[in-house]
Amino acid sequence: MVEGDSLVEYGFRRVIITITAVLCALLEIVDTTIVNVALNNMRGSLGATLTDVAWVITAYAIANVIVIPMTSWLSQQFGRRNYFATSIIIFTVASFLCGNATNIWELIIFRFIQGLGGGALLVTAQTIITESYPIAKRGMAQAIYGMGVIVGPTLGPPLGGYIVDHFSWPYIFYINIPIGIIATFLTLVFVRSPKYGEKLKASQVDWWGIVFLISFVGSLQFVLEHGQQDDWFNDKRIVFLSVLSVFGLLLFIWRELTYNHPIVNLRVLKDTNLKVGTIMCFILGFGLYGSTFIIPLYTQSVLGWSALDAGLLLIPSSITTGIMMPIIGRLIQKGVPQAYMVSAGFLIFFIFTFWMHNVITPDTGEEHMYWPLVLRGVGLGLLFVPITTLSLSTLKGKSIGEGAAFTGMMRQLGGSFGIAIITTFIARFNQQHRVNLVSHLDKSSFEVQQRVLQLQQGFMSKGFSANESLNKAYQAIDYGVMKQSAVLSYMDIFMYLGILFLLCIPFMLVIKKGKNKVDRSEAMH
């Protein structure tokens with residue numbers, strides 16, 4: 001087997017390979033979030049319920065999380081270039097089919113297939129980029145890849161909003177087709193495959209490993225996506241799948257550690273940096289997807305913004321991250337310890353959440369959230385590249401792909417956990433705050449009576465009868481309470497997210513220093 005160094009590219013070829021890989025990662029990630037904005041339109045045109053439509057997101061996420069851990073193995077079986085090109089083709093064809101779906105279940109099946117193609121793009125793109133650059137420049141390589149991964153989730157909603165407002169929802173899938181065709185062509189011409197050892201015969205394939213992996217990850221993803229709406233463990237299906245997930249995990253670990261040709265090489269986790277890196281990737285996913293989810297939710301449900309406006313609000317944050325990436329790549333090349341950068345990133349993220357906790361009200365304006373979101377962009381930049389580089393910094397050859405698969409899977413799972421936990425807590429906090437607020441509204445208190453009277457007179461002046469106006473006054477107060485309790489819930493969420501990030505800083509001290517600097521002679525060829 002040839003080590004990764006033989007795959008290092010220079011000049012024009014490296015530029016093309018980098019563009020192809022980033023394009024594919026971007027395709028995959030934009031597609032994770034672009035759908036969120038179009039769910040209502042899909043529901044209308046396909047005649048589906050809200051629960052059914054949520055499956056459009058769930059199916060994609062489940063397929064993603066199943067295929068990501070297997071990518072490294074599949075690359076070794078079929079050759080990386082062929083596997084990457086096939087994944088792009090599956091993704092592109094499935095995008096076309098999604099746009100042409102005639103009912104909701106067709107759409108869900110095609111989204112699942114699209115997710116199987118897409119999950120592979122993410123990790124393989126990362127491995128291809130990492131191996132195309134010499135070790136000294138890997139920080140920069142991760143920075144370029146990171147621009148795609150961080151900007152992607154934020155581009156999804158405004159792009160989706162624009163397409164849905166000006167065209168119709170199938171176009172959010174059709175937009176992938178030309179990009180997919182170009183990426184396939186570039187992959188076949190420019191990307192090279194490392195030489196792996198022997199391929200396995202069908203009888204040696206770790207079929208049980210695949211079954212246990214699917215039962216563990218698939219069930220877990222379902223539980224996370226549907227837990228809150230199905231009332232968690234009061235629902236028999238959720239209980240069954242949770243148990244299945246735990247057993248799937250235990251059997252999967254046992255199988256992978258005892259079988260000769262495991263589908264996922266768990267031994268690569270002996271590497272301390274990768275171990276800490278996977279935990280950090282999980283938390284990064286939690287923060288990245290969690291905050292990308294909560295901010296549009298708050299602006300749309302509490303402030304009443306349109307999907308497009310809510311999406312556009314996140315753009316400055318992404319641009320900041322994009323600007324930060326190459327700067328951080330350069331700092332890593334100069335040998336600034338990654339652990340310090342990640343600690344700084346967590347600290348900045350904490351300041352961002354604390355600031356948001358203090359500025360959100362029932363009528364916060366865009367200008368109040370602008371700087372906190374720019375700060376979020378700085379924090380994400382400081383977290384993403386150093387965490388990824390650090391996770392893979394002490395790995396070589398084949399292990400790089402295996403390590404990238406773990407970090408990719410943990411980031412996705414972190415995002416799913418984040419969104420599931422945030423939706424659950426928003427619902428719980430909402431109930432608590434509502435009860436608290438209502439208990440302070442004493443009908444016999446002078447202020448409350450004055451407020452009701454003011455509102456009642458206001459409605460009467462618009463021509464409603466005294467009784468109707470009184471009802472409307474109570475409704476208005478009730479609406480005010482609902483809005484206030486929603487805002488308090490979002491404040492709590494930001495507070496807890498911030499505490500989570502603060503708690504991560506001590507972890508950074510157990511990191512071994514990876515090789516970021518390489519002697520000039522090696523970097524020269």
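Helix α3 gives nine residues to the lining of the largest pocket, the largest share of any element. The model you are looking at is predicted, so treat it as a computed picture.

**The pocket**

Let's begin with the open space. Rolling a probe the size of a water molecule over the atoms shows where empty space is left. Here, the largest pocket holds about 1400 Å³ of space. Its lining is made by 40 residues, and those nearest the centre are N36, L39, I57, F293 and I419. Elements that give two or more residues to this lining are α1 (11-33), α2 (39-46), α3 (50-78), α6 (138-166), α9 (207-226), α11 (272-301), α12 (307-313) and α16 (398-439). What classes of residue make up the lining of the largest pocket? There are 19 nonpolar residues, 19 polar ones and two charged ones.

**Three helices that pack in pairs**

Two of the lining elements, α11 and α16, also pack against each other, with axes that come within 6 Å. Helix α15 (residues 366-392) joins the picture by packing against α11 and against α16. Two packed helices are described by the angle between their axes and the distance between the axes. The table puts these values side by side.

| Pair | Axes come within | Crossing angle | Handedness |
|---|---|---|---|
| α11 and α15 | 9 Å | roughly 155 degrees | left-handed |
| α11 and α16 | 6 Å | roughly 40 degrees | right-handed |
| α15 and α16 | 9 Å | roughly 140 degrees | right-handed |

How are α11 and α15 oriented to each other, roughly parallel or roughly antiparallel? Their axes cross at roughly 155 degrees, and angles over 145 count as roughly antiparallel, so α11 and α15 are roughly antiparallel to each other. On the α11 side, the contact includes L274, M280, L284 and I295, while α15 brings residues including L373, L380, F384 and I387. This contact has 15 nonpolar, six polar and one charged residue.

For α11 and α16, the angle of roughly 40 degrees makes the two helices oblique to each other. Their contact is made up of 17 nonpolar, ten polar and one charged residue.

The axes of α15 and α16 cross at roughly 140 degrees, which makes this pair oblique as well. Here F384, S391 and L392 of α15 meet I400, G403, A404, T407 and R411 of α16. By class, the residues of this contact are four nonpolar, three polar and one charged. Look for F384 in the structure: this α15 residue takes part in the contact with α11 and also in the contact with α16.

Definitions and conventions: Residues are numbered from 1 along each chain as its sequence is written. This is a predicted model: local features need pLDDT of at least 70, side-chain atom pairs count only at pLDDT 80 or more; totals for chains, interfaces and linings use all residues. Side-chain values use heavy atoms; hydrogens and water are left out. On a 1 Å grid over the protein atoms alone, a cavity is a set of points where a 1.4 Å probe fits but cannot get out, and a pocket is an open set with protein on both sides within 12 Å along at least five of seven lines; lining residues have an atom within 4 Å of a point. Grid points are joined across faces, edges and corners, and a volume is the space filled by probe spheres set on the points. Helices (H or I, at least four residues) and strands (E, at least two) are DSSP runs, numbered from the N terminus. Ala, Val, Leu, Ile, Met, Phe, Trp, Tyr, Cys and Pro count as nonpolar, Asp, Glu, Lys and Arg as charged, and the others, Gly among them, as polar. Axes are lines fitted to C-alpha atoms, for helices over the stretch in contact, and angles run from 0 to 180 degrees between N-to-C directions. Angles under 35 degrees count as roughly parallel, over 145 as roughly antiparallel, 65 to 115 as roughly perpendicular and the rest as oblique. A crossing is left-handed if the near helix is turned anticlockwise from the far one by less than a right angle, and right-handed if clockwise. Contact means heavy atoms within 4.5 Å.
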